[in-house]
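The turns below take up a few of the labels used for this structure and ask what each one rests on.

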Amino acid sequence: MSRRDDLAVLRIALEEQYERHRTQLALLARQTRRLPGDGADVAATSALAAASRRALGDIARALHYLEQGRYGTCAGCRRDIPIEELARRPSTRLCGTCRPGARRQRHP
């Protein structure tokens, strides 16, 4: 498979993740309205909703970059991010060399 084909598969995965997070947010909003005043439940639900909103933003950005033909290019060094890395972390914007705290890899 070519990189273009691999990116098309990743697009499908990103779109599915986006829909999953949208559904989760809708369910969490409905659940929040039904929760009694239990602070722990409200805090947990709020944390889950915040995480889903962040994920939606990351995924939307990745889909936008796909549309522009910039997806999968490292924002640091401008090299292609390996497909395997994109499959593990689809919203990543940095390769393993440029990502802070990542195990260092050498560019070929």
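A salt bridge here is a side-chain nitrogen of Lys or Arg within 4 Å of a carboxyl oxygen of Asp or Glu, and the model to which this is applied is a predicted one.

Q: What makes Arg11 and Glu67 a salt bridge?
A: Their side chains meet with N and O 2.9 Å apart, and because the cut-off is 4 Å, the pair qualifies. The pair links distant parts of the chain, with Arg11 in helix H1 and Glu67 in helix H2, 56 residues apart.

Q: Why is Glu67 called buried, partly exposed or exposed?
A: Glu67 has a relative accessibility of 58%, and exposed means over 50%, so Glu67 counts as exposed. Its partner Arg11, at 24%, is partly exposed, since that value lies between the limits of 20% and 50%.

Q: How do you know that Arg89 and Glu85 form a salt bridge, and what accessibility does Glu85 have?
A: The closest N and O atoms of Arg89 and Glu85 are 3.9 Å apart, which is within 4 Å and therefore meets the definition. Glu85 has 6% relative accessibility and counts as buried, because buried means under 20%. Salt bridges that share partners join Glu85, Arg88, Arg89 and Arg99 into one network.

Q: What does the span of helix H1 agree with?
A: Helix H1 has 32 residues, residues 3–34, which at 1.5 Å a residue should span 46 Å, and its end C-alpha atoms are 46 Å apart, so the two values agree.

How values were computed. Residues numbered from 1 in each chain as written. Predicted model: local features only at pLDDT ≥ 70, side-chain atom pairs only at ≥ 80, totals over all residues. Heavy atoms only, no water. Helix = DSSP H or I, 4+ residues; strand = E, 2+ residues; numbered from the N terminus. Expected span 1.5 Å × (residues − 1). Buried < 20%, exposed > 50% of the residue type's maximum accessible area, 1.4 Å probe, protein only.
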